[in-house]
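I opened this notebook to record what I looked up in one structure. The entries run from the whole chain to single residues.

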Amino acid sequence: MARSSRQSKILELISLYEIETQDDLVSRLASGGFDVTQATISRDIKELGLIKIQSNETGKYKYAVSDAPSQTSNKYIFMLKESVISFRTLQNNVLVKTLKGLAGSVCSIFDKLNIDNVLGIVYGIDTVLLLLQNESDAEYCVRKIDSILNC
C-alpha cells in the first residue's frame, strides 16, 4: 500500500492506542491489512517525527506526535492533501469529508495545526467536524483549510 496511507494509519493508531514498540506498530498495521517490516516502520517514525512520551495512564512509554515545529509539518500538509475530499461550512462548524478510514488521522493533523478559534474536533470513519463559536469563525477556518490545501 502507499506510504501516505500507511503513515496516515500510523498516526491514527498512535492516537487510538498506546503503542510502545515498533513491533507493536507492525502488528497493529498487519491487523489493518498493511504488510510492513520493522525497517519500514522505523523510517516512517523518523519521517513523521514521532517521539516517545510517558503515558499518564500506565506510566509506560508510547509513540506520540511531537508538538515541536519541524519539517514534518510539510508531511502533514501532504497527508491532508491526499486524504481530504471536500470541506465546507455548516452553520458555525466546518464539515470535512475524507477518504474512508482516514478521518482520525486528519483530525489529529488539524489538532496539531492549531487553527484559530477551533473549540473542538470530532470525527467518524470518513468525516471530521470542526466546532467553532460562530459562522464567521467557521468561514475563517474554511479559508485557512483552503490555503493549507492549495499552497
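The entries below concern a predicted model.

**Entry 1. Overall fold**

I began with the secondary structure and counted six helices and six strands in the chain. I then read the order along the sequence, which is α-α-α-β-β-α-β-β-α-β-β-α. The pattern thus opens with three helices and ends with a helix.

I next asked how the radius of gyration of the chain stands against that of a compact globule. The chain has 16 Å, and a compact globule of 151 residues would have a value near 15 Å, so the two agree. Along the principal axes, I noted that the C-alpha atoms fill a box of roughly 45 × 35 × 25 Å.

I looked up burial and contacts for the chain as a whole. Of its 151 residues, 39% count as buried. Among contacts between residues at least 6 apart in sequence, 56% join residues at least 24 apart.

For the surface, I recorded an accessible area of about 8,400 Å², with 47% of it belonging to carbon and sulfur atoms. For charge, I recorded 17 positive and 18 negative side chains, and the centres of these two sets lie 4 Å apart.

**Entry 2. Helix α5 and serine 105**

I turned to helix α5, which covers residues 103-113. Which of its residues are buried? I found Ala103, Gly104, Ser105, Val106, Cys107, Ile109 and Phe110 to be buried.

I kept serine 105, a residue of this helix, for a closer look. Is serine 105 buried or exposed? Its relative accessibility is 1%, and buried means under 20%, so serine 105 counts as buried.

I then listed its contacts, leaving aside neighbours within four places in sequence. Serine 105 is in contact with Ser8, Lys9, Leu11 and Glu12. These contacts place serine 105 of α5 against residues of helix α1, which spans 3-16. I also noted that the serine 105 side chain reaches the backbone nitrogen of glutamate 12 at 3.5 Å.

At the end of the helix, I noted that α5 is followed by asparagine 114, which has a positive phi near 50 degrees.

**Entry 3. Positive phi values in loops**

I looked for further backbone angles of this kind. Most residues other than glycine have a negative phi. Asparagine 117 has a positive phi, near 70 degrees. Asparagine 117 sits in the loop between α5 and β5, the latter being residues 118-123. With a relative accessible area of 42%, asparagine 117 is partly exposed.

Glutamine 91 also has a positive phi, near 60 degrees. I located glutamine 91 in the loop between β3 (84-90) and β4 (93-98). Glutamine 91 is exposed, at a relative accessible area of 61%.

**Entry 4. Strand β1 and the loop to β2**

I next examined isoleucine 53, which belongs to strand β1. Isoleucine 53 is partly exposed, with 33% relative accessible area. What does isoleucine 53 contact, leaving aside its neighbours within four places in sequence? I found Lys60, Tyr61, Lys62 and Ala64. From isoleucine 53 to alanine 64, 11 residues along the chain, the C-alpha separation is 6.6 Å.

Between β1 (50-54) and β2 (61-65) runs a loop that holds glutamate 57. Glutamate 57 is exposed, with a relative accessible area of 63%. I took its C-alpha distance to valine 94, which is 37 residues away along the chain, and obtained 32 Å.

**Entry 5. Two further C-alpha distances**

I looked up tyrosine 17, in the loop between α1 (3-16) and α2 (22-31). Tyrosine 17 is partly exposed, at 37% relative accessible area. Tyrosine 17 and tyrosine 63 are 46 residues apart in sequence, and their C-alpha atoms are 9.3 Å apart in space.

Finally, I looked up leucine 48 in helix α3, which covers residues 38-48. Leucine 48 has a relative accessible area of 0% and is buried. Its C-alpha atom and that of valine 122 are separated by 22 Å, with their positions 74 residues apart along the chain.

Methods
Residues numbered from 1 in each chain as written. Predicted model: local features only at pLDDT ≥ 70, side-chain atom pairs only at ≥ 80, totals over all residues. Heavy atoms only, no water. Helix = DSSP H or I, 4+ residues; strand = E, 2+ residues; numbered from the N terminus. Buried < 20%, exposed > 50% of the residue type's maximum accessible area, 1.4 Å probe, protein only. Polar contact = N/O pair within 3.5 Å; in protein donor to acceptor, adjacent residues only side chain to side chain. Contact = heavy atoms within 4.5 Å. Rg over C-alpha atoms; globule rule 2.2 N^0.38 Å. Areas by Shrake-Rupley, 256 points an atom, 1.4 Å probe, with all protein chains shown as cover. Lys, Arg positive; Asp, Glu negative; His and termini not counted. Charge placed at Lys NZ, Arg CZ, Asp CG, Glu CD.
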